[in-house]
Amino acid sequence: MSINYILKRLLWALPTLFGVAVVVFVLVRVVPGDPIAMMLPPGATQEDVGRLRASYGLDAPIAKQFLVWSGDVLQGDFGASISLRDQVLPLILGRLPATLELVAVAVAAACVLATLLAVLGVYFRGRWPEVAVDGVTGFTLAIPDFLWGLIFILVLGVLVPVLPISGRVDPTGAFDPATGFYIIEALLTLQFAALADLLKHIVLPAAALALPLAAALTRVLKGSLADAMNQDYVTLARVKGYSRLRTLWQVALRNALIPTVTLTGVQFSFLIGGTVLIEHLFSYPGIGNLAIAAVIQRDLPLIQGLVLTFAVLFILTNLIVDMTYSALNPKVKQG
Amino acid sequence: MMSLAFWRNPRVAFGILVVLALAIAAAGAPWLSPHDPLDQDLLNSFQKPAWSGGDAAYPLGTDSLGRDILSRLIYGARAALIVAFVAALFAGLLGTALGLAAGYFGGRLDVAISRLVDVWMSFPSVLLCIVLAAVLGAGLHTVVIAIIVIDWTRFCRVVRAEVMVQKSHDYVASAITIGLSSWRVLGSEILPNVAPLLLTLFTLEMGIAIVVEAILSFVGLSVSSGVPTWGGIIQEGRLYVNQAWWLMALPMTCIVVAVLGLNALGDGLRAALDPVKSK
């Protein structure tokens with residue numbers, strides 16, 4: 001993995017980002033419903049509306065608006081949010097850590113769950129645990145994260161209220177974080193009561209995101225594990241006296257990871273898209289929740305900034321997946 | 001083409017049963033519903049379902065305005081089926097046309113179409129969907145258009161890959177050698193061989209469309225409560241979930257069963273139509 005390769009990939013991302021920016025810019029400007037008119041009190045005159053519109057630069061032709069906006073963006077200025085009357089970039093950066101923590105917890109949970117289920121299924125090949133694993137993955141895969149979220153809210157939040165279904169942290173608690181990464185901060189500063197509260201809040205949204213991903217991972221990993229178990233090096237390990245479980249865990253698993261990462265890379269980007277709805281569903285204060293509010297409020301600068309942020313996250317995820325792939329498989333050389 | 005094993009597969013049987021139930025509910029909504037789905041009866045609001053001690057006149061209970069839930073669910077099935085069918089059909093047509101062209105003609109056309117698909121898929125689809133819904137205004141047609149605009153890429157990618165595989169087979173080379181035009185080769189040689197795959201994708205897409213409708217209703221961008229949809233009933237039920245859990249639970253069950261059924265049918269079709277797997 002060379003620095004050159006990474007730079008090249010990042011350079012390639014620029015035309016994609018530009019395309020995304022153009023499409024969103026034009027789309028949100030044909031939206032019926034005037035964000036400026038919504039800002040002013042009912043008595044405002046046409047003149048007031050015009051003056052405010054000019055102050056946001058919304059009276060110029062779309063092409064000119066785009067030039068001004070992209071020039072500002074290149075200098076790190078994403079403009080001011082119309083509905084929240086604050087700078088867009090600090091708004092997004094303030095919410096981003098919450099989303100990143102949610103994604104990290106969901107991905108980690110999905111990977112652990114998938115590995116356990118796949119090893120279980122392959123170890124008990126042809127017996128009832130394998131049938132159970134196949135049944136559970138098939139069922140879990142069919143139901144998208146949004147429905148899992150609704151099911152969790154109804155069953156674990158309302159009917160048998162065991163876990164909180166809204167927010168990121170207990171607002172009455174004593175936790176006063178200095179950074180946006182609450183879980184990491186609580187862990188590093190040894191505030192275990194706060195950590196427990198944070199984890200309780202993140203369980204349901206993370207589980208809703210993790211379940212479909214875990215099911216997809218299990219399916220692919222189980223297939224590749226079964227293939228790997230038929231290979232010569234596995235037989236060799238068995239001849240050397242490794243137990244079946246140890247062979248599976250130490251020899252086959254490593255080889256089965258390569259096809260799994262390749263085939264499921266795209267699933268990781270789906271998970272980032274999934275945060276939009278899941279955050280809205282659980283009132284979790286990340287950028288996904290902010291995005292839905294921005295669209296409903298017709299907050300043009302905020303929508304543009306958020307969509308670009310999501311596109312950057314997608315591109316970085318794909319890059320990380322590809323890098324993991326070549327790190328796992330030394331035979332792949334990219335240049 | 002379909003073996004007996006296909007029809008005896010319990011998952012396929014379940015899938016067909018679900019699709020049939022949806023079709024019957026959709027077609028027979030006015031006759032099957034015990035009440036008008038819009039009739040309000042404020043004296044009978046929040047009636048429990050009949051099995052947990054509610055009024056037998058409202059088998060599945062009533063909502064905050066005393067509207068009959070069973071009738072609203074049956075009319076909701078109609079909306080879900082229409083949205084799912086029309087959206088999957090047009091997304092399929094658009095994606096297949098572009099996928100066929102990219103896979104068959106290759107070259108610059110392929111590069112252009114594939115690049116477009118890449119850019120398209122790097123949008124968070126949920127966000128694009130919500131932006132589109134805001135642009136187009138609320139309504140079932142918005143849901144349909146949003147699904148077509150977003151999901152044609154699913155068909156395009158798969159069809160393109162499949163056409164490239166088919167193109168390398170001898171039968172395509174012979175068709176070209178005997179002088180058939182590109183249109184004839186595509187239409188009467190390649191398309192029939194891609195059709196089983198399309199049928200599978202179409203079934204799965206219908207399931208996706210039903211969920212997208214629910215998502216847009218949930219965010220408040222689908223239709224007004226004048227048109228009963230499953231997503232709309234969930235959204236209204238969420239406000240009263242602590243006093244009337246069934247308002248959310250019943251439409252959620254409908255969506256889960258419909259999505260599981262369409263998935264089971266799609267998987268069954270894929271297994272039955274895949275010559276390697278069906279051996």
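## Helix H4 of chain A

Just after H4(A) comes A:Gly76, a residue whose phi is positive, near 85°. Helices here (H or I, at least four residues), like strands (E, at least two), are DSSP runs numbered from the N terminus. H4(A) itself has 13 residues and reaches 18 Å from its first C-alpha to its last, which is close to the 18 Å expected at 1.5 Å a residue, the expected span being 1.5 Å times one less than the number of residues.

This is a predicted model, in which local features need pLDDT of at least 70 and side-chain atom pairs count only at pLDDT 80 or more, while totals for chains, interfaces and linings use all residues. Residues are numbered from 1 along each chain as its sequence is written, and chains are lettered from A and ligands numbered from 1 in the order in which they are written.

## Two loop residues with positive phi

Most residues other than glycine have a negative phi. A:Arg85, which is not a glycine, nevertheless has a positive phi of about 50°, and this residue lies in the loop between helix H4 (62-74) and helix H5 (88-123) of chain A. A:Arg85 is exposed, with 8 other C-beta atoms within 10 Å; a residue counts as exposed if 12 or fewer other C-beta atoms lie within 10 Å of its own, as buried if there are 20 or more, and as partly exposed in between, with C-beta atoms placed from the backbone.

A:Ser283, again a residue other than glycine, has a positive phi near 45°, and is found in the loop between H11 and H12 of chain A. A:Ser283 is exposed, with 12 other C-beta atoms within 10 Å.

## Where chain A meets chain B

In the model, 32 residues of chain A are in contact with 28 residues of chain B, where contact means that the C-beta atoms of two residues, placed from the backbone, lie within 7 Å. Several helices of chain A each supply at least two residues of the side that touches chain B, among them helix H1 (3-29) and helix H13 (300-328), and H7(A) gives the most, with seven residues.

By class, this side of chain A has 28 nonpolar, four polar and no charged residues; Ala, Val, Leu, Ile, Met, Phe, Trp, Tyr, Cys and Pro count as nonpolar, Asp, Glu, Lys and Arg as charged, and the others, Gly among them, as polar.

## Chain B as a whole

Chain B has 11 helices and zero strands, and its C-alpha trace spans about 75 × 45 × 30 Å along its principal axes. Buried residues make up 46% of the 279 residues in chain B.
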